[in-house]
Amino acid sequence: MLEIILIPALKDNYIWLGINRELAEVFIVDPGEAAPVLAYLREHSLKPIAILVTHKHWDHTGGIEELVSRYPDLQVYAHALENVSSVTHHVKDGEVFKLSMWPEPFTVIHIPGHTLGHVAYYAKPLLFSGDTLFCAGCGRVFEGTAEQMLASLERLAALPDDTQVYCGHEYTQNNLRFAVQVEPENADIAKRYEAVVNLRSSGKPAVPSDMRLERLTNPFLRCKQNVAKFRELREWKDRF
Ligand code: ZN
Ligand code: FE
């Protein structure tokens, strides 16, 4: 009855829909464009209730205005620092809110670094991590500092093993190609890389993953609070 589905958008963005089939209601995470979401809602006779925005970048927000114009009751959640238009609820770190159509409450985790008001939404066991934690990688540090980004990643890494990581882009294969270079001896990385190459070559997404696997194979979660190490990896990856 409850389901998370993926709508690929733009070049390599993922828009996530949380669907309650019984109520025929949906929440939408990071709608970078409206058209594919509207098409899906129409085709399946679903009503959107809320939009959860992780951060302000256009590839995560470009569809909001059109969705809100079609569904004026839509609630739109984002952090105040992100200046997202049409927001109805400014969220802050540690805030817990409930959507009527979803049984688990959502906890807001403020994770600055990629942008200053970037947040993740955690509704056990789902984590919507935007462009901060990617499967096997992390986002670029655009607005914050390396210290902030590493602290943000470590907060996410402290979530339970079975946390499902739903991120904003399909970068997994390239991230693992990088991870293999960082840790050539890491058998978990080698195994995951092979599995992801297979998934991607048959056209399947490599997202979500779980936090246990991320801790074993994501080089950016393996810096052990060492900011110099994180900075070195991030700079290397920026050029990779
Ligand atoms: Zn972004
Ligand atoms: Fe993005």
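In this predicted model, the largest pocket holds about 250 Å³ of space. Its lining is made up of 17 residues, and those that lie nearest the centre of the pocket are Phe134, Gly139, Arg140, Tyr171 and Arg234. Two elements, α5 (172-182) and α8 (227-239), are the ones that give two or more residues to this lining, and of the elements α8 gives the most, with three residues. In character, the lining of the largest pocket divides into six charged, six polar and five nonpolar residues.

The metal site can be taken next. The zinc ion (ligand 1) is coordinated at 2.1 to 2.4 Å by His55 through NE2, His57 through ND1, His114 through NE2 and Asp131 through OD, and along the chain these donors follow the spacing H-x1-H-x56-H-x16-D. For four tetrahedral donors the ideal angle at a metal is 109.5 degrees. The four donor atoms around the zinc ion (ligand 1), however, subtend angles of 85 to 172°, and the arrangement is therefore irregular, given that four donors count as tetrahedral if all angles lie between 85 and 135 degrees.

A second metal accompanies the zinc ion (ligand 1): the iron ion (ligand 2) lies 3.2 Å from the zinc ion, and Asp131 coordinates both. Distant parts of the chain are linked here by the pair His55 and His114, which are 59 residues apart, with His55 in the loop between β4 (47-52) and α2 (58-61) and His114 in the loop between β8 (106-110) and β9 (119-123). His55 and His114 are both buried.

Definitions and conventions:
Residues are numbered from 1 along each chain as its sequence is written. Chains are lettered from A and ligands numbered from 1 in the order in which they are written. This is a predicted model: local features need pLDDT of at least 70, side-chain atom pairs count only at pLDDT 80 or more; totals for chains, interfaces and linings use all residues. Side-chain values use heavy atoms; hydrogens and water are left out. On a 1 Å grid over the protein atoms alone, a cavity is a set of points where a 1.4 Å probe fits but cannot get out, and a pocket is an open set with protein on both sides within 12 Å along at least five of seven lines; lining residues have an atom within 4 Å of a point. Grid points are joined across faces, edges and corners, and a volume is the space filled by probe spheres set on the points. Helices (H or I, at least four residues) and strands (E, at least two) are DSSP runs, numbered from the N terminus. Ala, Val, Leu, Ile, Met, Phe, Trp, Tyr, Cys and Pro count as nonpolar, Asp, Glu, Lys and Arg as charged, and the others, Gly among them, as polar. Donors are N, O and S atoms within 2.8 Å of the metal (3.2 Å for Na, K and Ca); water is not among the atoms, so sites may look incomplete. Four donors count as tetrahedral if all angles lie between 85 and 135 degrees; four count as square planar and six as octahedral if opposite donors are over 155 degrees apart and all others between 65 and 115; anything else is irregular. Buried means under 20% relative accessible area, exposed over 50%, partly exposed in between (1.4 Å probe, protein chains only).
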